[in-house]
Amino acid sequence: MLDKKSILNSDDLPREEVHCELWQGSVWIRTMSGQERDEFESSCVSKKGKEMNLKNIRARLCVLCICNEKGQRLFDARDIEALGKKSSKMLDLCFSKAQELNGLSADAVDELAGN
């Protein structure tokens with residue numbers, strides 16, 4: 001049976017390396033923490049709470065999930081705008097892997113939007 005220490009010390013944010021041809025290298029994409037997932041989900045809901053905020057959605061998720069080989073994030077919220085100006089092909093590649101690792105299917109996005 002797991003105890004508190006075992007759970008809190010576990011490395012439970014798996015990551016995968018993704019080759020990004022146009023960036024001429026690879027990045028690591030990782031699973032978000034629960035706190036980061038909440039941050040991402042709340043950023044997707046408009047202030048009115050009735051519609052999704054899709055502005056820079058790829059960059060917002062990539063900022064939370066692109067990391068180094070040790071799982072440490074490379075970007076923070078200040079980088080969303082700049083990252084959003086990068087290649088849509090590369091952002092889509094990283095976004096798709098982040099969706100996969102974090103269980104963010106189209107159904108999950110619809111649920112988040114309240115559909």
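Of the 115 residues in this chain, 30% are buried. Keep in mind as you look around that the model is predicted. The chain exposes about 7800 Å² in total, and carbon and sulfur atoms supply 49% of that area.

Let's start with the layout. The chain has six helices and three strands, and reading along the sequence gives the pattern α-β-β-α-α-β-α-α-α. Now consider the contacts between residues with a separation of 6 or more: 58% of them join residues 24 or more positions apart.

A good place to go next is helix α3, residues 57–65. Eight of its nine residues are buried, meaning under 20% relative accessible area, so the helix is largely enclosed by the rest of the structure. The buried residues are Ile57, Ala59, Arg60, Leu61, Cys62, Val63, Leu64 and Cys65. What do they pack against? Their partners are the strands β2 (25–30) and β3 (66–67), together with the helices α2 (34–43), α4 (80–84) and α5 (88–102).

From here you can step into the largest nonpolar core, which has 24 residues. Within this core, Ile29, Phe40 and Leu61 touch the most other members. Two or more residues each come from β1 (15–20), β2, α3, α4 and α5, and α3 gives the largest share, with seven residues.

Finally, take a closer look at Phe40. Setting aside neighbours within four places in sequence, Phe40 is in contact with Ile57, Arg60, Leu61 and Leu64, as well as with Met32 and Leu104. Ile57, Arg60, Leu61 and Leu64 are also among the buried residues of α3, which brings us back to the helix where the tour of the interior began.

Technical notes. Residues are numbered from 1 along each chain as its sequence is written. This is a predicted model: local features need pLDDT of at least 70, side-chain atom pairs count only at pLDDT 80 or more; totals for chains, interfaces and linings use all residues. Side-chain values use heavy atoms; hydrogens and water are left out. Buried means under 20% relative accessible area, exposed over 50%, partly exposed in between (1.4 Å probe, protein chains only). Helices (H or I, at least four residues) and strands (E, at least two) are DSSP runs, numbered from the N terminus. Contact means heavy atoms within 4.5 Å. A nonpolar core is a set of buried Ala, Val, Leu, Ile, Met, Phe, Trp, Tyr and Cys residues joined through side-chain atoms within 4.5 Å. Accessible areas come from the Shrake-Rupley method with a 1.4 Å probe; for residues, only the protein chains shown count as cover.
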